[in-house]
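Please look over the sequence and the fold shown below before reading on. The report after them goes from single residues to the chain as a whole.

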Amino acid sequence: MFAPKNILVPTDFSKYSDASLNIAADMAATYDANIYLLHAIDNTITRKSIDYGISYEEIKQLEENSVNASSEKLKKLSANIMKNDKIKIIHIIKIGDPA
């Protein structure tokens, strides 16, 4: 029988990702599973920083701002689906190529 213990839900904060998260939340409640909510921050600006003349410090600040903003969005998403105390949501933020 299909009984997941961990469910990975990638999000780009679109309505489609939100719909997937809602389905995952229903599954997590049914099977007492954890949800791993993943957001990937595109690192194109980091790879192209020399082309744009952006300093290392500016890149690090942009990355930090992006991580903080993404973290807040993940918290809001989680709060919206925490109807059930059994659901545990783990936030993962990675900087890299989202594809």
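## Phe13 and Asp32, two loop residues

Phe13 sits in the loop between β1, which covers residues 6–10, and α1, which covers residues 15–31. The model is a predicted one, and in it Phe13 has a positive phi of about 65° although this residue is not a glycine. The relative accessibility of Phe13 is 22%, so the residue counts as partly exposed, given that buried means under 20%.

A second residue with a backbone angle of this kind is Asp32, which is not a glycine and yet has a positive phi of about 55°. Asp32 belongs to the loop between α1 and β2, the latter being the strand of residues 34–42. With a relative accessibility of 44%, Asp32 counts as partly exposed.

## The aromatic pair

How many aromatic pairs does the count come to? The count comes to 1 aromatic pair. The ring centres of Phe2 and Tyr31 are 6.0 Å apart and the ring planes stand at 80°, so this pair is edge-to-face. The pair links distant parts of the chain, since Phe2 is in the segment before β1 while Tyr31 is in helix α1, 29 residues apart.

The two partners are also described by their accessibility: Phe2, at 53% relative accessibility, counts as exposed, whereas Tyr31, with a relative accessible area of 24%, is partly exposed.

## Ile7 in strand β1

Ile7 is a residue of strand β1, and its relative accessibility of 11% means that Ile7 counts as buried. When neighbours within four places in sequence are left aside, the residues in contact with Ile7 are Ala24, Met27, Ala28, Ala33, Asn34, Ile35 and Tyr36.

Ile7 can also be placed relative to a residue much further along the chain, for Lys88 is 81 residues apart from Ile7 in sequence, while the C-alpha atoms of Ile7 and Lys88 are separated by 10 Å.

## Leu37 and Ser78

Is Leu37, a residue of strand β2, buried or exposed? Leu37 is buried, as its relative accessible area is 0%. Not counting residues up to four places away in sequence, Leu37 touches Val9, Thr11 and Leu21, then Leu74, Leu77 and Ser78, and finally Ile89, Ile90, His91 and Ile92. Glu63 stands 26 residues apart from Leu37 in sequence, and the C-alpha atoms of Leu37 and Glu63 are 19 Å apart in space.

Ser78, one of the residues that Leu37 touches, lies in helix α4, which is made up of residues 56–81. Ser78 is buried as well, with a relative accessible area of 7%. Seen from Ser78, and again not counting residues up to four places away in sequence, the residues touched are Leu37, Ile89 and His91. Both Ile89 and His91 are therefore touched by Leu37 and by Ser78, where touching means heavy atoms within 4.5 Å.

## Asn43, a buried loop residue

Asn43 is placed in the loop between β2 and α2, the helix of residues 44–47. This loop residue is buried, with a relative accessible area of 17%. Not counting residues up to four places away in sequence, Asn43 touches Ile95, Gly96 and Asp97.

## The chain as a whole

The residues described above belong to a chain with 4 helices and 3 strands, and from the N terminus on its elements run in the order β-α-β-α-α-α-β. The radius of gyration of the chain is 16 Å, well over the 13 Å that the globule rule gives for 99 residues, so the chain is more spread out than a compact globule. Along its principal axes, the C-alpha trace spans about 55 × 25 × 20 Å.

Of the 99 residues of the chain, 26% count as buried. Among the contacts in the chain with a separation of 6 or more, 73% are accounted for by residues 24 or more positions apart. The chain exposes about 6,700 Å², of which carbon and sulfur atoms supply 54%. As for charge, the chain has 12 positive and 13 negative side chains, and the centres of these two sets lie 6 Å apart.

Methods:
Residues numbered from 1 in each chain as written. Predicted model: local features only at pLDDT ≥ 70, side-chain atom pairs only at ≥ 80, totals over all residues. Heavy atoms only, no water. Rg over C-alpha atoms; globule rule 2.2 N^0.38 Å. Buried < 20%, exposed > 50% of the residue type's maximum accessible area, 1.4 Å probe, protein only. Areas by Shrake-Rupley, 256 points an atom, 1.4 Å probe, with all protein chains shown as cover. Lys, Arg positive; Asp, Glu negative; His and termini not counted. Charge placed at Lys NZ, Arg CZ, Asp CG, Glu CD. Phe/Tyr/Trp six-rings, centres within 6.5 Å; stacked < 30°, edge-to-face > 60°.
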